[in-house]
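Open the model in your viewer with the sequence panel beside it, and follow the stops below in order. Each stop says what to select and what to look for there.

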Amino acid sequence: MIKLETERLCLRDYEETDFEAYYKLKTDGETMYYMQDIKLDDRESAKLEFEDVLADIDSDHRKYYFLHMELKDTHEQVGSIGYTVVDDTPVGKIVHLGYFTYPGFWGNGYTSEALKKVLEFAFTEDNVFRVTTGCLKENTRSERVMQKNGMIKEAEHVDYEWRDGRMKTRLEYRLLKREWEQFSSVENG
């Protein structure tokens, strides 16, 4: 079981008792606006997915490292953050990162704080070599979270995705273990 703590947050593996919180988060239209590909629409699909999440946590070849994000003092759910292993190479895992938080928590630095801890775990405890992620260019808050954590912009895909009746541009970011080590040593000074 993974359990990470920051100054204000607890990031942990999901437990059976978290189903209602998981269901509420993954079906919330505003929270999942930029994550339409993983947004859920009904209780039954949420239940099936949640069972898969719990089974994967106990797997010898774990693929999903998405963590329940909550406030330490009140245990109120903030969102979810983590990554999916897309390849396990001789030099380490290649993962794709994602995060989504309830709008009421936007602008408070929670996601940046959580991402810093997740990257530390990935690179120091989970043999991750490369992290990738991205967002629509209009999602400037998400891009700022990536930048604050030392992620490096790799690509800008113009007119990449159809959304809200028009084409939108997507940004792609990366962070290699050695880049994270350099960023962390400068940041911790």
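In what follows, a residue is called buried when its relative accessible area is under 20% and exposed when it is over 50%, with values in between counted as partly exposed. Keep in mind throughout that this is a predicted model.

**First stop: helix α4**

Select residues 140-148, which form helix α4, and colour Ser142, Glu143, Val145 and Met146, which are buried. These four lie on the same side of α4, because they cover an arc of only 155° around the axis. Now turn to the face of α4 that points away from the buried side, where you will find the exposed residues Thr140 and Arg141. To see what covers the buried residues of α4, display the elements that include β5 (92-101), α3 (110-125), β6 (128-136), β7 (152-163) and β8 (166-176). Before leaving, step just past the end of α4 to glycine 150, whose phi is positive, at about 80°.

**Second stop: threonine 111**

Among the elements that cover α4 is α3, and the next residue to select, threonine 111, has its place in that helix. Is threonine 111 buried or exposed? With a relative accessibility of 11%, threonine 111 counts as buried. If neighbours within four places in sequence are left aside, threonine 111 is in contact with Ile81, Tyr99, Thr101 and Val145, and Val145 is one of the buried residues of α4 that you coloured a moment ago.

**Third stop: the largest pocket**

Switch on a pocket or surface display and go to the largest pocket, which holds about 1200 Å³ of space. To find its centre, select Tyr34, Met35, Gly98, Tyr99 and Phe100, which are the closest to it of the 47 residues in the lining. The elements that each contribute two or more residues to this lining are α1 (19-27), α2 (43-57), β4 (77-89), β5, α3, β6, α4 and β7. If you colour the lining of the largest pocket by class, you should find 21 nonpolar, 16 polar and 10 charged residues.

**Fourth stop: helix α2**

From the pocket, move to α2, one of the elements that help to line it. The end C-alpha atoms of α2 are 21 Å apart, which agrees with the 21 Å that its 15 residues should span at 1.5 Å a residue. Select Ala46, Phe50, Val53, Leu54, Asp56 and Ile57, the buried residues of this helix; they sit on the same side of α2, because the arc they cover around the axis is only 160°. The buried residues of α2 pack against α1, whereas Glu44 and Asp52, on the other side of α2, are exposed.

**Fifth stop: the second largest pocket**

The second largest pocket has a volume of about 190 Å³, and residues to select in its lining include Thr6, Asn149, Trp180 and Phe183. Both α3 and α5 (177-187) supply at least two residues of this lining, with the largest share, five residues, coming from α3. By class, the lining of the second largest pocket has three nonpolar, four polar and five charged residues.

**Last stop: aspartate 73**

Finish in the loop between β3 (67-71) and β4, where aspartate 73 is found. Aspartate 73 has a relative accessible area of 64% and is therefore exposed. A distance drawn from aspartate 73 to lysine 47, C-alpha to C-alpha, comes to 28 Å, for a separation of 26 residues in sequence.

Key:
Residues are numbered from 1 along each chain as its sequence is written. This is a predicted model: local features need pLDDT of at least 70, side-chain atom pairs count only at pLDDT 80 or more; totals for chains, interfaces and linings use all residues. Side-chain values use heavy atoms; hydrogens and water are left out. Buried means under 20% relative accessible area, exposed over 50%, partly exposed in between (1.4 Å probe, protein chains only). The arc is that of the directions from the helix axis to the C-beta atoms. Contact means heavy atoms within 4.5 Å. On a 1 Å grid over the protein atoms alone, a cavity is a set of points where a 1.4 Å probe fits but cannot get out, and a pocket is an open set with protein on both sides within 12 Å along at least five of seven lines; lining residues have an atom within 4 Å of a point. Grid points are joined across faces, edges and corners, and a volume is the space filled by probe spheres set on the points. Ala, Val, Leu, Ile, Met, Phe, Trp, Tyr, Cys and Pro count as nonpolar, Asp, Glu, Lys and Arg as charged, and the others, Gly among them, as polar. The expected span of a helix is 1.5 Å times one less than its number of residues.
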